[in-house]
Amino acid sequence: MPRGIYECLNCGHREERDSTEPLLERSCPRCGGDMILVGYTREDAERPHSPSLEPASPHEVQVVETPGLPPEVEAKLRTFYNLRFAGFDGRVFIFEVEDILEPNFEKVLSEMEKLGYWCALKKRDGKILLFVFPAGEVKPDNKWLPWVFLLATIATTFFAGYMLALNYISALDYYGLPGMRDPYLIALSFSVSVMAILGTHELGHKIAAAYHGVRATMPYFIPFPFSFIGTLGAVIRVKSPLPTRDAAIDLGVSGPIAGFLVAIPVTAIGLKLSIVVPQSMVPHTSGGVYFGTNLLFELLTKAVLHIPDNYVIFLHPIAMAGWVGLLVTFLNLIPVAQLDGGHVLRAFISERTHRIVTYVTAFVLIGMSYLWSGWFIWGLLVLLIGAAGNPGALDEVSPISKKRIALAILAALIFILTATPRPIWTT
């Protein structure tokens, strides 16, 4: 019958006990602290072979540092860190890190994943702890579904563009202005513009995920024929944990920045094709739809059109696509839950603080519903997805690089430039 080797979590006292329970509460003879099982002793005739230990002579005591953890896994861990076993938490093995030998956590995670394990590096009560646990199953992607959604979204955005084209052509006819009057060509240009912005946004996420070894699905476009743009956007699903805070920032900012860079020229081209008439020529009728503005859209309008304030702009469908791209960038950069901006903020603050920011922001959005009814829905969504929290990166010990800090500042600047407090309203 093996005997357990126990170590006190408080004073470090070790001794053998006739027990193999993982935890003996308040049993330390020196300080009364909890004793954790750290190994076994048994005679050589009863001892199973372990490739990580030297052969023992009869009656020699053998200590297995981490019972239940495969020897090759522990051996690999000890090439990366100087460790002291600290206990169990369910299926999670906990080590106190005394020295970090390999600063590149992504390399550590990659090597551990080959052995079927993931790990996390956290700070707790002034100590650095390493959590080791079995890697989660990463299911293969559905090869056909993303393409089905892509084709469906192309169709719905083309239909939405066609309806917008009819309104644009009607405005050209009403004011007797020259311009493209082919609704199918306008619809195609709108669909291409929307898909380019959304697709580039998700492609940015996909490239960042691949760069950091994070498993992620192909982009899923969401067709929605009942909206004026024909889609609810696109998403990719991350299927493995974010390794470092640098990786979390890269994944958070890559999509918005990529989509933003496409949205700017699309908006400029669309503004150039838009209808501009004096306000005095516009009949005063009810039921019109107005698009809110933001700092960047105002700057682009002045740079492209050079018009005074007493003029009215009827946006070309391409300009609407660019406006939607800027709005999507703003919404994704809201620093809450697991939105893109939420991942960036979570890299700098604790999970508890991040949860507080999420809930406060959700109620602020609900309060802003007097400006736009859509904020009420957004606030409820933030509350819903915020309940799951944001676990952050596996490695919360390694410092954030200066380049990622610069990227986070750039994302904050884009958030301010694209902020649209009142996206849409009617009269």
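Trainee: How many disulfides does the structure hold?

Mentor: This predicted model holds 0 disulfides, where the term would require a pair of cysteine sulfur atoms within 2.5 Å.

Trainee: What makes C28 and C119 count as buried?

Mentor: The cut-off for buried is under 20% relative accessible area; C28 has 6% relative accessibility and therefore counts as buried, and C119, with a relative accessible area of 0%, is buried as well.

Trainee: Why are helices α5 and α6 called oblique to each other?

Mentor: The axes of α5 (residues 245-272) and α6 (residues 295-305) cross at roughly 45 degrees and come within 9 Å. Angles under 35 degrees would count as roughly parallel, and those from 65 to 115 as roughly perpendicular, so α5 and α6 are oblique to each other. As for handedness, α5 passes α6 in a right-handed crossing.

Trainee: Which residues meet where α5 and α6 are in contact, and what is their character?

Mentor: From α5 come F260, I264, T267, A268, L271 and K272, and these meet L296, F297, L300, T301, V304 and L305 of α6. The residues of this contact divide into 9 nonpolar, 2 polar and 1 charged.

Trainee: H316 is placed in a loop, so how do you know whether H316 is buried or exposed?

Mentor: The loop in question runs between β13 (311-314) and α7 (317-332), but the class rests on accessibility: H316 has 5%, and because buried means under 20%, H316 counts as buried. Leaving aside neighbours within four places in sequence, H316 is in contact with Y168, I186, S189, G270, L273 and S274.

Trainee: What makes V360 partly exposed?

Mentor: V360, which lies in helix α9 (residues 351-367), has 48% relative accessibility; buried would need a value under 20% and exposed one over 50%, so V360 counts as partly exposed. The C-alpha atoms of V360 and G379 are separated by 9.8 Å, with the two residues 19 apart along the chain.

Trainee: Why is T231 called buried, and which residues does T231 touch?

Mentor: T231 is placed in strand β10 (residues 231-235), and its relative accessible area of 3%, set against the limit of under 20%, is why T231 is called buried. Not counting residues up to four places away in sequence, T231 touches T153, T157, V194, L198, I222, P223 and F224.

Trainee: How far apart are T231 and T156 in sequence and in space?

Mentor: T231 and T156 are 75 residues apart in sequence, while their C-alpha atoms are 6.9 Å apart in space.

Technical notes. Residues are numbered from 1 along each chain as its sequence is written. This is a predicted model: local features need pLDDT of at least 70, side-chain atom pairs count only at pLDDT 80 or more; totals for chains, interfaces and linings use all residues. Side-chain values use heavy atoms; hydrogens and water are left out. Axes are lines fitted to C-alpha atoms, for helices over the stretch in contact, and angles run from 0 to 180 degrees between N-to-C directions. Helices (H or I, at least four residues) and strands (E, at least two) are DSSP runs, numbered from the N terminus. Angles under 35 degrees count as roughly parallel, over 145 as roughly antiparallel, 65 to 115 as roughly perpendicular and the rest as oblique. A crossing is left-handed if the near helix is turned anticlockwise from the far one by less than a right angle, and right-handed if clockwise. Contact means heavy atoms within 4.5 Å. Ala, Val, Leu, Ile, Met, Phe, Trp, Tyr, Cys and Pro count as nonpolar, Asp, Glu, Lys and Arg as charged, and the others, Gly among them, as polar. Buried means under 20% relative accessible area, exposed over 50%, partly exposed in between (1.4 Å probe, protein chains only).
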